[in-house]
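These are my notebook entries on one structure. I set down what I looked up, entry by entry.

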Amino acid sequence: ILLLIVLLLLFLGYSGTGSLALDNLLSWISARDLSYPLASHAAVSNKNFIYVVDGSAQTSNSHDQILKSVVNPDGSLGEWIDNSNLPQALIFHSAASDGLNMYILGGFLDISGGGSISNVYKAALNSDGDLGEWEEQLSLPKQLSMGAAIVVRNKIYFAGGFTDGGGFPSSNVYYTTINNDG
């Protein structure tokens with residue numbers, strides 16, 4: 001049995017260093033740092049741009065900026081540019097893109113007396129990588145933060161998250177149809 005375990009570990013790529021070698025990722029390379037320290041944020045990509053939708057540098061110090069960087073052909077990143085501002089400063093929000101628009105869903109107001117929100121915002125992704133004006137959309141069915149969002153075809157999904165006040169995690173999955181005009 002021991003011989004079978006050793007052969008299985010060697011087959012899976014165990015190197016004796018305490019970790020398995022995975023063949024689908026080559027190595028992590030340090031890219032251009034963000035303009036400032038950040039946590040509790042979200043990110044999306046569209047074409048050759050990465051967008052980091054601000055979160056917080058520390059508690060009660062959340063940002064409302066959206067940083068944009070171009071992804072160069074070799075994978076390196078261009079300078080991070082302050083591209084747009086959210087309608088309000090959020091942490092623990094979710095972001096998704098359908099290739100035409102960026103959506104920000106839910107989140108937590110990082111202010112005194114703040115809490116989870118149900119707001120959904122949309123901004124057009126312009127061909128030059130800039131974002132259009134933010135427009136409020138149909139809200140989530142309840143106040144949620146720390147969930148996950150994704151667009152599949154013409155549907156946007158929101159899964160899990162914490163209900164208002166960070167009380168209990170949700171197992172709910174919601175979706176809505178994105179209109180033809182975005």
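**Entry 1: the sheet of strands 5 to 8**

I looked up the partner of Ser97 first and found that Ser97 is bridged to Met102 in strand 6. I note that the model is a predicted one. Strand 5 and strand 6 (residues 101–105) run antiparallel and are joined by four bridges. I then traced the sheet around this pair: four strands form an open sheet in the order 5-6-7-8, and the pairing is antiparallel. At its edges stand strand 5 (94–97) and strand 8 (135–136); each has a single partner strand, so one side of each is left without a neighbour in the sheet. I add as background that the strands of a sheet pair through backbone hydrogen bonds, either parallel or antiparallel.

**Entry 2: Asn46 and its contacts**

I turned next to Asn46, which lies in strand 1 (residues 42–46). Is Asn46 buried or exposed? I record Asn46 as buried, because its relative accessibility is 9% and the cut-off for buried is under 20%. Leaving out residues up to four places away in sequence, I find Asn46 in contact with Tyr51, Ser97, Gly99 and Leu125. Ser97 is the residue of Entry 1 whose bridge partner is Met102.

**Entry 3: aromatic pairs**

I looked for paired aromatic rings, and the count came to two pairs. For Phe49 and Tyr51 the ring centres are 6.4 Å apart and the planes stand at 45°, so I entered the pair as tilted. Phe49 counts as buried at 14% relative accessibility. Tyr51, which is also on the contact list of Asn46, counts as buried at 0%.

**Entry 4: the sheet of strands 10, 11 and 13**

I then followed an open sheet of three strands, with the order 10-11-13 and antiparallel pairing. Strand 10 (148–152) and strand 13 (173–177) are the edge strands; each has a single partner strand, so one side of each lacks a neighbour in the sheet. From one strand to the next, the twist averages 20°. Strand 10 runs antiparallel to strand 11 (residues 155–159), and five bridges join them. Which residue of strand 11 is the bridge partner of Val151? I found Ile156 in that place.

**Entry 5: the largest pocket**

I looked up the largest pocket and noted a volume of about 340 Å³. It is lined by 20 residues, of which Gln137, Leu138, Ile156, Thr176 and Thr177 are the closest to its centre. Ile156 is thus on this list and is also the bridge partner of Val151. Strand 6, strand 7 (120–124), strand 11 and strand 13 each supply at least two residues of the lining. Strand 13 gives the largest share, four residues.

**Entry 6: positive phi values**

Lastly I checked backbone angles, bearing in mind that most residues other than glycine have a negative phi. Ser40, not a glycine, has a positive phi near 60°. I located Ser40 in the loop between helix 1 (2–12) and strand 1, and its relative accessibility of 24% makes it partly exposed. Met146 also has a positive phi, of about 65°, although it is not a glycine. I found Met146 in the loop between strand 9 (144–145) and strand 10. With a relative accessible area of 45%, Met146 is partly exposed.

Note on methods. Residues numbered from 1 in each chain as written. Predicted model: local features only at pLDDT ≥ 70, side-chain atom pairs only at ≥ 80, totals over all residues. Heavy atoms only, no water. Buried < 20%, exposed > 50% of the residue type's maximum accessible area, 1.4 Å probe, protein only. Contact = heavy atoms within 4.5 Å. Phe/Tyr/Trp six-rings, centres within 6.5 Å; stacked < 30°, edge-to-face > 60°. Pairing = 2+ DSSP bridges. Axes fitted to C-alpha atoms, helices over the stretch in contact; angles between N-to-C directions. 1 Å grid on protein atoms, 1.4 Å probe; cavity = no way out; pocket = protein on both sides within 12 Å on 5 of 7 lines; lining within 4 Å. Points joined across faces, edges and corners; volume = space filled by probe spheres on them.
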